[in-house]
Amino acid sequence: MSGITAIDVTKRFNGFTALHDVSVTIPEGSLTALLGPSGSGKSTLLRVIAGLEEPDAGQVLIGSEDVTERPARARGVGMVFQHYAAFKHMTVYDNVAFGLTIRKRPRAEIGRRVHELLELVQLEGLAKRYPAQLSGGQRQRMALARALAVEPSVLLLDEPFGALDARVRKELRAWLRRLHDEVHVTTIIVTHDQEEAMEVAGQIVVLNDGRIEQVGSPRELYDSPANEFVMTFVGPVNRLGETFVRPHDVELRLEPDEGSVEAMVERVVHLGFEARVELVRDDGQHLLAQLTQEEAEQLELERGQIVYVRSSRETVFSEAARHPDQPRSG
Amino acid sequence: MATSAAVLERPVRVGSGAPGALAFWSEVTRPEAVAALKLTLGVSAVCALVNAIAGTAIAWVLVRDRFRGKGIVDSVIDLPFALPTIVAGLTLLALYGPGGPFRIDVAFTRLGLLLALLFVTLPFVVRAVQPVLLELDTEMEEAAASLGARPSAVFRRIVFPNLLPAILSGVTLAFARAVGEFGAVVLISGNIPFKTEVSSVYIFGQLQAGNGSGAAAVSVLLLVISFGVLLAIGGFRRWRTRHDRV
């Protein structure tokens, strides 16, 4: 088990710069998410760490060793891909055993290890199946067992749940979290889904346009975003001029009071515990408010109703943090 | 013509009066017929094998490598299909026959025969493997590499098993075509009995000599053997792709 350090990594593809001087440290034993929209460079960074892409500049350290020049096969990383990359001509058993047979381990040891892993990923009994006979979720768990079989010092997951349906995705997230608590291997998960990153990871690295916007715990990112990009990416937000307000910080009153603004209810969406209220202020600005179902019921909200809104908490960014797309130092 | 001359030197056995099965047997066991059949199957097998390797290599280069003129090479692969085989035979004879520009004379030899068959069957394996290689998930190879496999092991254990069914399809077609080829080989091989005469040319010779039953008997045997080989390769291919059936 080892931490991972990237130092000033730059990667260009045919004139397009996927990573600009990216430096980041992934603590040993942590579960870190690389979060960003598509094209932000998060997968490229993961592939550079795995040794599947060669950086144009910069270094990658696993533990204290510089692995920049080392091929993927010698880095001791376990890699899991979005579309499983299952060896479709091999049984589940042979898939999981692959890394061990490459290392020419004794047959009995391989057998023992594979069965241990299949139990860990809850696929015991399916050893003789082929990947085509498994569901997406089962295939991805097989891919995870295959990556863990070689006892990697780091586990790299590239959008591992991206190809699965919502329910299976949720199940596997929770399962991955528990698995990480059991095996403690330094893990990086790439995702574009902020909810997934927040749910699974202890540390989140937010990327945008090949640069790191912020590194922090889910709570830090949500409560004190470094700039507009992070603010808008990690959760829903209302933008009123230069002011940002989270929907759950919008308060609704039936009577006007100090600092409140008149607004009309456009739509009320009930989502079980939560109710979402779409409003339009008297100055024409649209606003989203998040209430508990109970609050919504007390207000007896309905379409066309006039309410008074104020925000309990607002965020305004400095000029430097306002335009994260512009090149900047640091 | 060497063929006709050789045939006419033997007693002609048209309508020898032997009952069906016996006549069939005596026709297919004639030394010249056996030699032609052995040569046909042997040279076709060698041709299929060379194609398996060269065709896969060409497909690999066309899919995975980048070089100038790739589009032209890709188009030219199909040339043997576009050319009447007799024209191919004539061209080969002009290039690799006596007085050819490369000073390589393989006319009237088994090597010349093989060369002609290789030329006309070249596209089969290339065109069978190319689309499969294009569709092959490169993440499988990356996963294998990250699990510690060297490039040679990645090819042997991941790429090759996934290409094998396509290679076998191409090989089957190449073999079948080589067994039946007439036009491309009739000029360059010289049709020397017991040396360069293949079954298709032998059958033609028998027909010309008026031995219809001899031609028919060898044709039937050739058909049965080819059919058996195709079934065997097809069966192996289906066994190799069993993992795709859910």
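Biologist: Which residues of α3(A) do A:Tyr93, A:Val96, A:Ala97, A:Leu100 and A:Thr101 in α2(A) meet?

Modeller: In this predicted model, the axes of helix α2 (residues 92-102) and helix α3 (residues 107-120) of chain A come within 10 Å. The residues of their contact divide into eight nonpolar, one polar and one charged. On the α3(A) side, the residues met by those five of α2(A) are A:Ile110, A:Arg113, A:Val114, A:Leu117 and A:Leu118.

Biologist: What is the orientation of α2(A) relative to α3(A)?

Modeller: The crossing of the two helices α2(A) and α3(A) is right-handed, and their axes cross at roughly 130°. An angle over 145 degrees would count as roughly antiparallel, and one of 65 to 115 as roughly perpendicular. The crossing angle therefore makes α2(A) and α3(A) oblique.

Biologist: Which strands stand at the edges of the sheet with the order β6-β7-β8-β3-β9-β10 in chain A?

Modeller: This is an open sheet of six strands with mixed pairing, and its twist averages 15° from one strand to the next. Each edge strand has a single partner, so one side of each is left without a neighbour in the sheet. The strands in that position are β6 (77-80) and β10 (211-216) of chain A.

Biologist: Which helix of chain A packs on that sheet, touching β6 and β7?

Modeller: The helix in question touches β6(A) together with β7 (154-158) of chain A. Its direction makes about 170° with that of β6(A). The helix is α4 (residues 136-149) of chain A.

Biologist: Which residue of β10(A) stands opposite A:Asn208?

Modeller: Strand β9 (residues 203-208) of chain A and β10(A) run antiparallel and are joined by five bridges. Within β10(A), the residue opposite A:Asn208 is A:Arg211.

Biologist: Which residue in the turn between β4(A) and β5(A) has a positive phi?

Modeller: Strand β4 (residues 57-62) of chain A pairs with strand β1 (residues 4-13) in the antiparallel sense over five bridges, with A:Ala6 standing opposite A:Val60. β4(A) also pairs with strand β5 (residues 65-66), again in the antiparallel sense, over two bridges, and the bridge partner of A:Leu61 in β5(A) is A:Asp66. β4(A) and β5(A) form a hairpin with two residues between them, and the turn residue with a positive phi, of about 65°, is A:Gly63.

Biologist: Which are the edge strands of the open sheet of three strands in chain A?

Modeller: That sheet has the order β11-β12-β18, with antiparallel pairing. Three bridges link β11(A) to strand β12 (residues 243-245), and A:Asn238 stands opposite A:Val245 there. The edge strands, each pairing on one side only, are β11 (238-240) and β18 (315-316) of chain A.

Biologist: Over which residues of chain A is the pLDDT below 50?

Modeller: Chain A averages a pLDDT of 91, and 97% of the residues score at least 70. Where pLDDT is low, the predicted coordinates should not be read in detail. The stretch below 50, which has one contact in the model beyond near neighbours in sequence, covers residues 326-330 of chain A.

Biologist: How many helices are there in chain B?

Modeller: The C-alpha atoms of chain B fill a box of roughly 70 × 50 × 25 Å along the principal axes. From the N terminus on, the elements run α-α-α-α-α-α-α-α-α-α-α-α. Chain B has zero strands, and its helices number 12.

Biologist: Are α11(B) and α12(B) roughly parallel or roughly antiparallel to each other?

Modeller: The axes of helix α11 (residues 199-208) and helix α12 (residues 212-240) of chain B come within 7 Å and cross at roughly 160°, in a left-handed crossing. The contact includes B:Tyr202 and B:Ile203 of α11(B) and B:Val218 and B:Leu222 of α12(B), and by class it has six nonpolar, five polar and no charged residues. Angles over 145 degrees count as roughly antiparallel, and therefore α11(B) and α12(B) are roughly antiparallel.

Biologist: Which element gives the largest share of the side of chain B that touches chain A?

Modeller: In all, 19 residues of chain B are in contact with 20 residues of chain A, and those of chain B divide into 10 nonpolar, four polar and five charged. The elements giving two or more residues to this side are α8 (138-146) and α9 (151-180) of chain B. The largest share, seven residues, comes from α8(B).

Technical notes
Residues are numbered from 1 along each chain as its sequence is written. Chains are lettered from A and ligands numbered from 1 in the order in which they are written. This is a predicted model: local features need pLDDT of at least 70, side-chain atom pairs count only at pLDDT 80 or more; totals for chains, interfaces and linings use all residues. Axes are lines fitted to C-alpha atoms, for helices over the stretch in contact, and angles run from 0 to 180 degrees between N-to-C directions. Helices (H or I, at least four residues) and strands (E, at least two) are DSSP runs, numbered from the N terminus. Angles under 35 degrees count as roughly parallel, over 145 as roughly antiparallel, 65 to 115 as roughly perpendicular and the rest as oblique. A crossing is left-handed if the near helix is turned anticlockwise from the far one by less than a right angle, and right-handed if clockwise. Two residues are in contact if their C-beta atoms, placed from the backbone, lie within 7 Å. Ala, Val, Leu, Ile, Met, Phe, Trp, Tyr, Cys and Pro count as nonpolar, Asp, Glu, Lys and Arg as charged, and the others, Gly among them, as polar. Two strands pair if DSSP finds at least two bridges between them. pLDDT is the predictor's confidence in each residue, from 0 to 100.
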